[in-house]
Amino acid sequence: MRIFEDKALMITLILLVVLVVLLFANVGSSDESIIGRWIAPLQQKLYAAANNVGQAFRMAAEPNALAEENLRLRENVAELTAELREMEELKKENERLTELLNVKGSLGSYDYLTARVIGKAPGSWFAEFTVNVGEEDGIREGMIVITEDGLVGKITAVHSTYSKVMSIIEITSGVPAMLERSRDTCVVKGRASELGDTDTLLDLEYLPVAADVMPGDKVITSGHGGVFPKGLIIGTVAEVSADMSDVRIVSGVDFAHLEEVTIITTVFEEVD
């Protein structure tokens with residue numbers, strides 16, 4: 001490396017000496033000035049050559065330093081990329097939690113607790129899943145689970161630090177419900193075995209013979225039976241057969257991508 005540096009210094013000095021001579025050639029009579037103007041471009045090239053030669057030898061003398069600098073820059077880029085991804089994830093989580101806070105104000109004076117989904121049963125759908133709150137957080141069996149998009153299900157098992165949730169797409173006993181527009185009562189049952197790729201279909205059963213139902217009608221909990229509080233959104237009527245023997249609704253909850261849920265920390269007693 002020392003040899004490269006000595007050669008670079010020697011060549012640079014030689015070029016500088018030639019440059020000084022040419023500079024003095026530009027001083028004097030008008031004839032000499034003409035000569036000076038003639039050699040001016042050469043002076044500029046010598047300047048550039050001296051600088052390039054010195055830089056080239058310095059780069060040849062310091063390959064390890066350049067490699068280290070390149071590695072440092074790559075590490076910085078990777079670190080900044082990771083931080084950006086983390087910030088984007090925090091932004092999305094903040095948006096979801098804000099939506100959960102908004103739904104609380106629309107359901108009355110219940111007490112609520114936000115929980116994170118930490119596990120689920122095998123399969124693509126969150127028919128049964130686990131949340132990160134339990135007895136130590138005041139959770140009890142029978143508490144209702146919701147999101148900003150509607151009814152999710154209820155707590156079926158509680159441990160010290162986590163709880164199990166059964167969703168409405170798996171609750172075969174049904175959820176007492178009513179049509180928001182016509183006030184006709186009915187029961188919503190899950191059909192987890194026939195879930196589509198994008199929509200969560202539920203069956204709407206036990207409608208009165210003269211019920212007034214049509215696609216687009218909102219379906220809410222009726223409060224009958226006491227297990228679910230009245231007024232929770234369940235879904236929207238999607239299909240109605242001609243004789244009303246087959247009525248299907250679509251839940252607004254994305255049961256394929258649940259991440260956070262809200263638990264109503266009140267146990268509603270079942271009424272016979």
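**Close-up 1. E239 and R248 face each other across two paired strands.** In this predicted model, E239 stands opposite R248, a residue of strand β11. Strand β11 covers residues 247-251, and five bridges join this strand to strand β10, which covers residues 233-240, with the two strands running antiparallel. As a general point, the strands of a sheet pair through backbone hydrogen bonds, and such pairing can be either parallel or antiparallel.

**Close-up 2. Six strands close into a barrel.** Followed around the barrel, the strands come in the order β6-β7-β8-β11-β10-β9, and their pairing is antiparallel. From one strand to the next, the twist averages 45°. The pair shown in the previous view, β10 and β11, appears as neighbours in this order.

**Close-up 3. E260 lies in strand β12 and contacts R116.** Strand β12 spans residues 260-264, and E260 belongs to this strand. With a relative accessible area of 7%, E260 counts as buried, because the cut-off for a buried residue is under 20%. The side chain of E260 is joined to the side chain of R116 by a polar contact of 3.4 Å.

**Close-up 4. The views are set within the whole protein chain.** The protein chain holds three helices and 12 strands, and of its 272 residues, 35% are buried. Among the contacts with a separation of 6 or more, 59% are between residues that stand 24 or more positions apart. The accessible surface of the protein chain comes to about 16,300 Å², and carbon and sulfur atoms account for 56% of that surface.

Technical notes: Residues numbered from 1 in each chain as written. Predicted model: local features only at pLDDT ≥ 70, side-chain atom pairs only at ≥ 80, totals over all residues. Heavy atoms only, no water. Helix = DSSP H or I, 4+ residues; strand = E, 2+ residues; numbered from the N terminus. Buried < 20%, exposed > 50% of the residue type's maximum accessible area, 1.4 Å probe, protein only. Contact = heavy atoms within 4.5 Å. Areas by Shrake-Rupley, 256 points an atom, 1.4 Å probe, with all protein chains shown as cover. Polar contact = N/O pair within 3.5 Å; in protein donor to acceptor, adjacent residues only side chain to side chain. Pairing = 2+ DSSP bridges. Axes fitted to C-alpha atoms, helices over the stretch in contact; angles between N-to-C directions.
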